[in-house]
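Here are some notes to read alongside the structure. Have it open and follow the points in order.

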Amino acid sequence: MQKKVIVVKIGGSTLGNHDTTLEDLVELQKRGKCLVVVHGGAKVSTEWLTRLGIPTSFVSGLRVTDAETLKVVAAALGGLVNKELVVAIQALGGKAVGLSGCDGNLLWASVKSPEMGYVGEIVAVDPTPLKLLLKAGYMPVVAPVSFGSAEGRVMLLNVNGDTAAGEIAAALAAEKLIFLTDVDGIRDGSEQTVHKLNLAEAKDMLASGVASGGMVPKIEASLRALTTTKVVRIIDGRAAHALCDDVSRRARQSKSGGTTIVSE
Ligand SMILES: Nc1ncnc2c1ncn2[C@@H]1O[C@H](COP(=O)(O)OP(=O)(O)OP(=O)(O)O)[C@@H](O)[C@H]1O
Ligand SMILES: [Mg+2]
């Protein structure tokens, strides 16, 4: 039987190597943990769109994606960001293979809504390539660029990294899904971090509008993951060794920061 997997979504704050997240991933791999990494890269994508003079906008945390934006986002995330992460992990002594949602049929999507352009909503996940890599001792590093049918042909689609992470965790029945981001968890209406949420409370955060922008796809992805995954954590990836602490027993025994979302 396959070992339980931890899915780690790394966001913009980690890309650029300013924190200890990549060291932590390598350390956990050395300790025998099965890790699947899914990355975002909103900041890098925006930087390249700006350089190319392409205006960009977000609706509920998702980037409105026209044909030109799609090309730039696919190049930035599937190319530059993914390869820089893989090289950095290898340089630290880890074993990593980069792939996107297009590779090995991993993430099949459809157009989410015509107003959003080529933004994909995941319809099917084939986790076979991830399982093969894990079995061979590699850490898969997934760029969320996906593919699916649109306008009568099969083409690339832009999927949010949180969405991809949630679907992958659900498909793998992961032990845990951890979102590393640039805030210490989900904040309530008084700007206080909420330590624990169940499904109904998480849904309320969306319905009330307390969670907005980039937090929306994280909560939606958490709800999806929790169909099979036991626990979701949303933590501050900028804090030193946040990832190792969260995975190790230390975090469970002591009062850890961040938000925990569970089914019950
Ligand atoms: N209730 C909330 N609690 C905490 N953060 C919130 C809340 N509502 C909105 N946010 C925003 O969500 C942001 C995190 O999502 P964001 O998409 O910016 O980062 P990321 O997903 O980690 O990175 P990337 O999009 O590059 O993968 C926070 O910086 C904050 O501005
Ligand atoms: Mg985001």
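**Notes on the predicted model**

1. Let's begin with the rings. This is a predicted model, and the count of aromatic pairs in it comes to one. The partners are W108 and F147, arranged edge-to-face, with 5.0 Å from centre to centre and 80° between the planes. To find the pair, look for W108 in strand β6 (residues 107–111) and F147 in strand β9 (residues 146–150). The two residues are 39 apart, so to speak of a link between distant parts of the chain is fair.

2. How do the two partners sit relative to the surface? W108 has 30% relative accessibility and counts as partly exposed. F147, at 13% relative accessibility, counts as buried, because the cut-off for buried is under 20%.

3. Now zoom out to the whole protein. Its secondary structure adds up to nine helices and 14 strands. The C-alpha trace spans about 50 × 45 × 35 Å along the principal axes. Why call the protein a compact globule? A compact globule of 264 residues would have a radius of gyration near 18 Å, and the 17 Å found here agrees with that.

4. A word on packing. Of the 264 residues, 52% are buried. Take the contacts between residues at least 6 apart in sequence: 75% of these join residues at least 24 apart.

5. On the outside, the protein exposes about 11,800 Å², and 54% of that comes from carbon and sulfur atoms. As for charge, there are 29 positive and 27 negative charges, and their mean positions lie 8 Å apart.

6. Helix α7 (residues 215–225) deserves a look. Nine of its eleven residues are buried, so the helix is largely enclosed by the rest of the structure. The buried ones include M215, V216, P217, I219 and L223. K218 and S222 are also among the buried residues of α7.

7. Last stop: L197, which belongs to strand β12 (residues 196–197). Is L197 buried or exposed? With a relative accessible area of 5%, L197 is buried. Leaving aside residues up to four places away in sequence, L197 touches I186, A202, M205, T259, T260, I261 and V262. For a sense of scale, the C-alpha atoms of L197 and E175 are separated by 18 Å, with their positions 22 residues apart along the chain.

Note on methods: Residues are numbered from 1 along each chain as its sequence is written. Chains are lettered from A and ligands numbered from 1 in the order in which they are written. This is a predicted model: local features need pLDDT of at least 70, side-chain atom pairs count only at pLDDT 80 or more; totals for chains, interfaces and linings use all residues. Side-chain values use heavy atoms; hydrogens and water are left out. Helices (H or I, at least four residues) and strands (E, at least two) are DSSP runs, numbered from the N terminus. The radius of gyration is taken over C-alpha atoms; the globule rule is 2.2 Å times the number of residues to the power 0.38. Buried means under 20% relative accessible area, exposed over 50%, partly exposed in between (1.4 Å probe, protein chains only). Contact means heavy atoms within 4.5 Å. Accessible areas come from the Shrake-Rupley method with a 1.4 Å probe; for residues, only the protein chains shown count as cover. Lys and Arg count as positive and Asp and Glu as negative; His and the chain ends are not counted. The place of a charge is taken as NZ of Lys, CZ of Arg, CG of Asp or CD of Glu. Rings of Phe, Tyr and Trp (its six-membered ring) pair if their centres lie within 6.5 Å; planes under 30 degrees apart count as stacked, over 60 as edge-to-face and the rest as tilted.
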